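Please find below a colleague's note on the structure, set out as numbered points. The topics are the annotated domain, the internal spaces, the cysteines and two loop residues.

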Amino acid sequence: MDRNQEIALTQMRKSVEKLGSSTESYGEKTLMRFLIARSMDPEKAAKMFCQWKKWRAEMVPLGYISDSEVADELAAEKLYLQGLSKSGHPIVIVKLNKHFPSKDQVQFKKFAIHLLDKTIASSFKGREIGNEKLIGILDLKNITYSNVDTRGLITGFQFLQAYYPERLATCYLLHMPQFFVTIWRFVCRFLEKATQEKVRIVTSEEEKEEFIREVGEDVLPEEYGGRAKLVLMQDVAVNY
C-alpha cells in the first residue's frame with residue numbers, strides 16, 4: 001500500500017467516526033474497496049461505508065441469509081457454484097431460463113444477497129480477506145419473455161454497485177437472444193461506467209475461446225467448453 005492510500009484510509013476512518021459509525025473490525029482491504037469505488041475520495045467512501053453498514057444491519061441481521069429463507073428460489077435449480085477460476089475468483093452460474101420474476105421484491109432482495117454472499121464466501125480460505133471478487137456467468141440460453149426480469153437484473157447490479165463495491169471481477173453474458181438486446185440496453189442505463197466495463201457479452205468463437213481460457217476448463221461445466229460438472233449452489237457448504 002502506497003503513502004497516498006494510507007493517508008486516504010486514515011481520512012476515511014476519521015470521516016466514518018464523524019458520521020457516528022466505526023471501522024473497527026474492518027481491515028484495510030475491505031475499506032479500500034469503498035475508497036476505490038469512490039475514486040479514493042475519503043468522505044464519499046465513508047458515506048458509502050456507513051450506508052452499507054446500515055443496510056447490512058437491516059437486511060442481513062444474522063450476517064447471512066440461510067438456505068431456508070430462499071428455499072423457493074433454490075428449488076428452481078438455477079444457481080451453480082463452480083469453484084475458483086484461474087485467477088482465484090469464485091464462479092457463479094445463473095441459468096435464466098429457470099428464473100421467473102418474483103412477486104415479492106423483499107424476498108427477491110434476500111435471494112440476491114444470498115447469491116452474492118455465498119459466492120464470495122465460497123472463496124474464503126479460513127477467513128475473509130476483504131478484497132475477494134466474483135465471476136458471474138448469466139446464461140440466457142432458451143429464455144423466453146416469461147423469464148425476463150428487467151427489474152431483478154437492475155436490482156442485482158445496483159446491489160453490486162452500492163453494497164458490494166469492487167466485488168465483481170467479470171460478468172459474462174452467454175447465448176443472448178436478439179430480443180434481449182433492447183432489454184440489456186435499458187438495463188445498462190442503470191449501470192455505472194465501471195460496472196459496464198466488467199460485463200462481457202460472449203458471441204463470437206474468439207470470445208468463447210477467451211471466456212474458456214480466462215475462467216478455466218477445470219471449473220467450467222462441459223456445456224460451456226470445460227471439463228467440470230454443474231454444482232448446485234445449495235450443495236456447496238461455506239463458512240460465512
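The points below take these topics in turn.

1. Status of the model and annotated region. The model is a predicted one. An unreviewed UniProt entry carries the annotation "domain: CRAL-TRIO" for residues 67-232. Over residues 67-232, helix accounts for 37% of the chain and strand for 17%. The C-alpha atoms at the two ends of residues 67-232 lie 12 Å apart.

2. The enclosed space. How many cavities of 30 Å³ or more are there? The count is one, and the volume of the largest cavity is about 470 Å³. Its lining comprises 28 residues, and those nearest the centre of the cavity are Val94, Leu115, Leu138, Leu153 and Gly156. Two or more lining residues come from each of strand 2 (90-95), helix 5 (105-121), strand 3 (134-139), helix 6 (150-163) and strand 4 (168-174). In terms of class, the lining of the largest cavity holds 21 nonpolar residues, with five polar and two charged.

3. The open space. The largest pocket holds about 520 Å³ of space. It is lined by 22 residues, with Trp52, Arg56, Gly63, Glu128 and Arg167 closest to its centre. Helix 2, helix 3 (42-59) and helix 5 are the elements that give two or more residues to the lining of this pocket. Of these, helix 3 supplies the largest share, four residues. By class, the lining of the largest pocket has eleven nonpolar, five polar and six charged residues. Helix 5 therefore deserves attention in both descriptions, as an element giving two or more residues to the lining of the largest cavity and to that of the largest pocket.

4. Cysteines. Why is Cys171 not bonded to the closest cysteine sulfur? The sulfur of Cys171 is 10 Å from that of Cys188, which is too far for a bond, because a disulfide requires the two sulfur atoms to be within 2.5 Å. Cys188 is likewise in no disulfide, the nearest cysteine sulfur being that of Cys171. The count of disulfides is zero. Both residues are nevertheless classed as buried: Cys171 has a relative accessible area of 4%, and Cys188 has a relative accessibility of 16%.

5. Lys98. Where is Lys98 found? Lys98 is in the loop between strand 2 and helix 5. With a relative accessible area of 30%, Lys98 is partly exposed, because that class lies between the 20% limit for buried and the 50% limit for exposed. Apart from neighbours within four places in sequence, the contacts of Lys98 are with Ala76, Glu77, Lys78, Tyr80 and Asn147. The C-alpha atom of Lys98 is separated by 25 Å from that of Gln161, which is 63 residues away along the chain.

6. Thr23. Is Thr23 buried or exposed? Thr23 is buried, since its relative accessible area is 9% and buried means under 20%. Thr23 has its place in the loop between helix 1 (3-18) and helix 2 (28-37). When neighbours within four places in sequence are set aside, Thr23 is in contact with Arg13, Val16, Leu31 and Phe49. Of these contacts, Arg13 and Val16 fall within the range of helix 1 (3-18), while Leu31 falls within that of helix 2 (28-37).

Notes. Residues numbered from 1 in each chain as written. Predicted model: local features only at pLDDT ≥ 70, side-chain atom pairs only at ≥ 80, totals over all residues. Heavy atoms only, no water. Buried < 20%, exposed > 50% of the residue type's maximum accessible area, 1.4 Å probe, protein only. 1 Å grid on protein atoms, 1.4 Å probe; cavity = no way out; pocket = protein on both sides within 12 Å on 5 of 7 lines; lining within 4 Å. Points joined across faces, edges and corners; volume = space filled by probe spheres on them. Nonpolar A, V, L, I, M, F, W, Y, C, P; charged D, E, K, R; others polar. UniProt positions renumbered as here; feature names shortened; annotations may be inferred. Contact = heavy atoms within 4.5 Å.
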